[in-house]
Amino acid sequence: MNFLKLVGVEIRKLRRSFLLPLLAAPVILMWIPSVLNAQNSFDTGGIRISPEHNFFIQGFMGMVWLMIPATLVICTVLLHQTEVSGRGMVKMLSLPLSPAKLSLAKCTVLILLFALQMGMLVAAYYLSALIASQLQDYSFLLPLGEVLPITAEIFLSSLPMAALYWLLAVLVQTPVFSIGAGLASIVPSVLMINTRFWFLYPPSYPFYVIMVEYGRRAEGIYDTQFALFPWLPAAAAITALSLGLACLKFGYTERR
Amino acid sequence: MILEWKKLARTGFVPGLLCAALLAAAFPAVNMAVRSDVYTALDGSPLAILLDANWQLMAMLNLFASVLGACILYHIEYAGGAMQKMDTLPLRPGTLFLRKFAVLAIVGAASILLETASLWGCCLYWFGGRPVPAALLLRTAGMFLPQLLPTQLLLLALSSLCRNLWVSLGIGVILIFMATILPLRGPVLSLLPFAAPFETGLASLSSGELLRSLCLLGAQLIVFAAAGLACQKIRRCM
């Protein structure tokens, strides 16, 4: 079986899992207060930023710091739990396939689900910006050429975190600890971003990206350039290490 | 009740939630250790300074721990078809629900106690010159528990309805997310479940307002308990 087919099988396993409503709910719900309070976008509190950028950044920020890591944690639980019922893991491992390939296929599905949510996020942004523009009689719409690169940056910067959470789900068999560690890791990301060692902490990457983009659009808020040097090597090392370990250790309790 | 504790023996429930509480308790201490000069320069009650600086994140950890606890308490029943076995026992599902809630509430109370102790320690260590009245501290801790309980009850009712662990987890996390982004202010809105645990000013209210807030929280508790018990009836029909 080639890799694409494996990913297809993994996606088929997710039927009837209430997946779409749960991925879409936060994306839609988060824009409702933004649309209702769209007039607050004009009050920038002395920060020099245009109202449409304020609307966009404020909306995305709520999503980035809490909901993106939480989505990844929830999706790893989903991928893991589908195998728990009916001893699916043992059946999977008895197939003539390498466990590493299976692990990578599941991780790919995790990333695909996340990409799907990011797509929904952009769609919901345009919808809500359209409604807010109608309500406030001011165009809140930003060109697609500006929204898509930022979304892509957030997506790419979340990949190390996805790999890390996948490793956590593979290594830690008790759901309490894997979910608990994932959720607990979200909370300090706001503090980590202000320390010198933020690049060692993947859950803070997407938040860093959105802060830099904020800094570029509003003077004096934050850095305007990505500090690529210690970040990229650290992120690449963390991702490679996490994926490698996850491939090696996939289903290790069942293989014993 | 003892059985409920025994069932949790190998799930990592107690150590997991205890770790969350310890992390939350460590939070103000670490924050003070790193940025003590910023906070000690502020005027006002040391407790208020500490709560303003740290409680949002500590409350969020408490909420995450509650979501996780509620999910696990019913996940152990659904995994392996234990629920059907429980239903054949001469035991009301409602009783089971209330016992599970008692377990969750006890763990919640223990976490809050631990966190208050940590806040008190921070007050003594960094704000030695400005004593905090023990009565205020106790009142603050005493209010945090009723603020958390309705949310826990609601979460437990939710997870008793969802067969899949990840659905109840997802809904819980989405609700927390909503509470953080919706501007829930004012005497009634801020006491809604998921928003109430973030509230810090209740202990300094006048006794009349305090009583009113407690009544509101108590009413929520009764409503959600009734809803949770009703869920147990519905669940058996599904």
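**Exercise 1. Decide whether Phe194(B) is buried or exposed, then place it in the chain.**

*Solution.* Begin by counting: in this predicted model, Phe194(B) has 22 other C-beta atoms within 10 Å. Next, recall the cut-off: a residue is buried if 20 or more other C-beta atoms lie within 10 Å of its own. Phe194(B) is therefore buried. Now find its place: Phe194(B) sits in the loop between α7 and α8 (207–237) of chain B. Finally, look at the backbone: its phi is positive, about 75°, although Phe194(B) is not a glycine.

**Exercise 2. Treat Asp137(A) in the same steps: is it buried or exposed?**

*Solution.* The count for Asp137(A) is 6 C-beta neighbours inside 10 Å. A residue is exposed if 12 or fewer are found, so Asp137(A) counts as exposed. Its place is the loop between α5 and α6 (144–171) of chain A. Its phi is near 60°, again a positive value in a residue other than glycine.

**Exercise 3. Work out how helices α5(A) and α10(A) are arranged, and which residues meet.**

*Solution.* Start with the axes. Those of α5 (residues 99–136) and α10 (residues 228–249) of chain A come within 7 Å and cross at roughly 130°. This angle makes α5(A) oblique to α10(A), because it is in none of the ranges for roughly parallel (under 35 degrees), roughly perpendicular (65 to 115) or roughly antiparallel (over 145). The crossing is right-handed. Then list the partners: Ala100(A), Ser103(A), Leu104(A) and Cys107(A) of α5(A) meet Leu243(A), Ala246(A) and Cys247(A) of α10(A). Sorted by class, these residues are six nonpolar, one polar and no charged.

**Exercise 4. Describe the side of chain B that touches chain A.**

*Solution.* First, the totals: 28 residues of chain B are in contact with 26 residues of chain A. Second, the elements: α2 (13–40), α3 (46–78) and α7 (165–181) of chain B each give two or more residues to this side. Of these, α7(B) gives the most, with eleven residues. Third, the classes: this side of chain B has 22 nonpolar, six polar and no charged residues.

**Exercise 5. Find which residues touch the most other members of the largest nonpolar core.**

*Solution.* This core has 144 residues, and Trp166(A) and Val67(B) touch the most other members. The element that gives the most to the core is α3(B), with 20 residues. To follow Val67(B) further, leave aside its neighbours within four places in sequence: its contacts are then Leu155(B), Leu169(B), Gly172(B), Val173(B) and Ile176(B).

Conventions:
Residues are numbered from 1 along each chain as its sequence is written. Chains are lettered from A and ligands numbered from 1 in the order in which they are written. This is a predicted model: local features need pLDDT of at least 70, side-chain atom pairs count only at pLDDT 80 or more; totals for chains, interfaces and linings use all residues. Two residues are in contact if their C-beta atoms, placed from the backbone, lie within 7 Å. Helices (H or I, at least four residues) and strands (E, at least two) are DSSP runs, numbered from the N terminus. Ala, Val, Leu, Ile, Met, Phe, Trp, Tyr, Cys and Pro count as nonpolar, Asp, Glu, Lys and Arg as charged, and the others, Gly among them, as polar. Axes are lines fitted to C-alpha atoms, for helices over the stretch in contact, and angles run from 0 to 180 degrees between N-to-C directions. A crossing is left-handed if the near helix is turned anticlockwise from the far one by less than a right angle, and right-handed if clockwise. A nonpolar core is a set of buried Ala, Val, Leu, Ile, Met, Phe, Trp, Tyr and Cys residues joined through C-beta atoms within 7 Å.
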